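Open the model in a viewer and keep the sequence panel visible. The stops below say what to select and what is found there.

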Amino acid sequence: MAGGSWPVGGGEVGAMLRAWSGAETPLGPPPQWPERLKSTLQLVLASPTPMVMFWGESGLLLYNDAYAVIAGAKHPAILGCNLLDAWPEVTELHDEVMRTVFAGGSPLSYRDLPLVLHRNGVAEDVWLNVDYSPIFGDSGAALGVLAVVTETTALVGAQRERDAAEQALRRREQQLAQVQKIGKVGGLEVDLRDGFRNRRSPEYLLIHGLPPEAEHESHEDWVRRIHPQERSMVESHFRETVSGTARDYQIEYRIVRPSDGAVRWISALAQIERDENDRAIRLIGAHLDITERKEAEAQQRLLMQELAHRVKNTLAMIQAIASQTLRGASSLEAANETFSARLAALSRAHDLLVAGQRANAPMAGIAESVVGLQGDAQRFTIGGPDLVVGPRPALALTLVLHELATNAVKYGALSNQTGRVALSWRVDEIEGVSHFRLRWQESGGPPVVAPSRRGFGSRLIERTFPSQGARSESAFLSTGLVFTLDAPLDALKDGDGENDPG
């Protein structure tokens, strides 16, 4: 007959057991079960902790309401079933439990045990904390197994999410550190709540030439590293920014790096965290080594100044050429022809300067450019040592040689089919001073006649090397013109004065 007074309470599972007729299990009606089984099961049913019993060799499954939640959709069908029939997906585990705990009388314990259960009709990853203990009879033999079960699936999932987030954060930090290293960016943090407590990144230490133990260097150590010419200004700016209300901090300054004594430019960018009263709490920032940029800017400024100087000198040179050409020309047509030719020579000289280093030009290039403008290379003999000429002397020498070549084509050695020109230069020591000597010698041309007035080339030489000991001379020999130039070598290298050539 169904019904009975045992077990007492036990919630849903207790009510089911009281309604059993005895045909549900080989044990018969619940009130007639062995006393050890009843007493143990009564404790299980009264516990709020998920608990389950495996009774007898077949592991008859008896549990409480809390365990029914873990069983999911398998409840209530598995109540009173054999263990292996109830949970066939974890047969290996339960074989071990029955062999060790029931047959061997030894407890087993698992923490975050991973299982795949089919408790809701589909495979499901589940993690459990389980403690198995034997239920002994009066004779000392095990009558069953008691298991206290706690599902930790949610906790394990949350921990895995935290672990994944931490791993992602570590990867991000490693990537950020790599980016900082590649970009030469150093990170820093300053706790401003009570003085200045610093923390420097490895990249910061590398930029500033500091050892690893300087990670927490003092504020005073940082100040001492600032270039003496900027130290007071930089520290004052820092203190004023921190004591004010600004949340952004930015400055560029020089440091003297302790590791090698090198002067480096630093760009400091930071944000200041403040409390509700605008009191500075923390500064988070980055230091960037901008030395190369600063050097490039300085070089750019120098180039712009030099360009302005070149343009000024060129315009003055053109003015002088125009003035002298017009004064010596017999007609406007002749003036136009001479002026155009001289401008072409000036343009060729500028091409040489642009191709050179810092607006200098090789002497050999100057000579060859004149040959290309005014004659057949086969009729020239050119030779001299490797020599680099400064910007202003290069322009002047180009124009002088162009003038000589032009006159040779019109009146001298290049006006017939047999004449030749020998162009040479050398460097001699005269009383301990290096002198540049250039010689233009014509031969094989028609008889030459000395002009009645000084030529353009002579005046150009005087204006290019004023008061520097330069001399030029033209000898109109029966064999042809011989032009010589003698100037201190330093005048050719540095002869870029502000003197007006006109």
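Two strands count as paired if DSSP finds at least two bridges between them. This is a predicted model, and the tour begins with a hairpin in it.

**Stop 1: the hairpin.** Select strand β9 (residues 263-274) and β10, which pair in the antiparallel sense over nine bridges. Five residues lie between β9 and β10 in this hairpin. In the turn, Asp278 has a positive phi of about 65°. To check the register, pick Ala270, which stands opposite Gly285 in β10.

**Stop 2: another partner of β10.** Keep β10 (residues 280-289) and add strand β6 (residues 185-191); the two run antiparallel and are joined by seven bridges. Here Asp191 stands opposite Arg282 in β10.

**Stop 3: helix α9.** Select residues 231-243, the 13 residues of α9. From its first C-alpha to its last the helix reaches 18 Å, close to the 18 Å expected at 1.5 Å a residue. Show the side chains of Val234, Phe238, Thr241 and Val242, which are buried. These residues are on the same side of α9 because they cover an arc of only 100° around the axis. An α-helix has 3.6 residues a turn, so residues three or four places apart point the same way. Turn to the face away from the buried side: Ser232, Glu240 and Ser243 are exposed there. What covers the buried residues of α9? The cover includes β9 and β10 from the hairpin, together with α8 (219-225) and β8 (248-256).

**Stop 4: the nonpolar cores.** The largest nonpolar core has 47 residues. Select Leu41, Met53, Phe54, Leu61, Tyr63, Trp87 and Tyr132, the residues with the most contacts inside this core. Then centre on Phe54: leaving aside neighbours within four places in sequence, its contacts include Leu60, Leu61, Leu83, His94, Met98, Tyr132 and Val145. Apart from the largest core lies another, of 30 residues, among them Ala361, Met363, Val370 and Leu485. In soluble globular proteins, nonpolar side chains tend to be buried together.

**Stop 5: confidence.** Colour by pLDDT. The mean for the protein is 85, and 85% of its residues reach 70 or more. Among the elements, strand β1 (residues 51-55) has the highest mean pLDDT, 98, and helix α14 (residues 456-464) the lowest, 57. Finish at residues 495-502, where pLDDT is below 50. Beyond near neighbours in sequence, this stretch has 25 contacts in the model. Where pLDDT is low, the predicted coordinates should not be read in detail.

How values were computed:
Residues are numbered from 1 along each chain as its sequence is written. This is a predicted model: local features need pLDDT of at least 70, side-chain atom pairs count only at pLDDT 80 or more; totals for chains, interfaces and linings use all residues. Side-chain values use heavy atoms; hydrogens and water are left out. Helices (H or I, at least four residues) and strands (E, at least two) are DSSP runs, numbered from the N terminus. A nonpolar core is a set of buried Ala, Val, Leu, Ile, Met, Phe, Trp, Tyr and Cys residues joined through side-chain atoms within 4.5 Å. Buried means under 20% relative accessible area, exposed over 50%, partly exposed in between (1.4 Å probe, protein chains only). Contact means heavy atoms within 4.5 Å. pLDDT is the predictor's confidence in each residue, from 0 to 100. The expected span of a helix is 1.5 Å times one less than its number of residues. The arc is that of the directions from the helix axis to the C-beta atoms.
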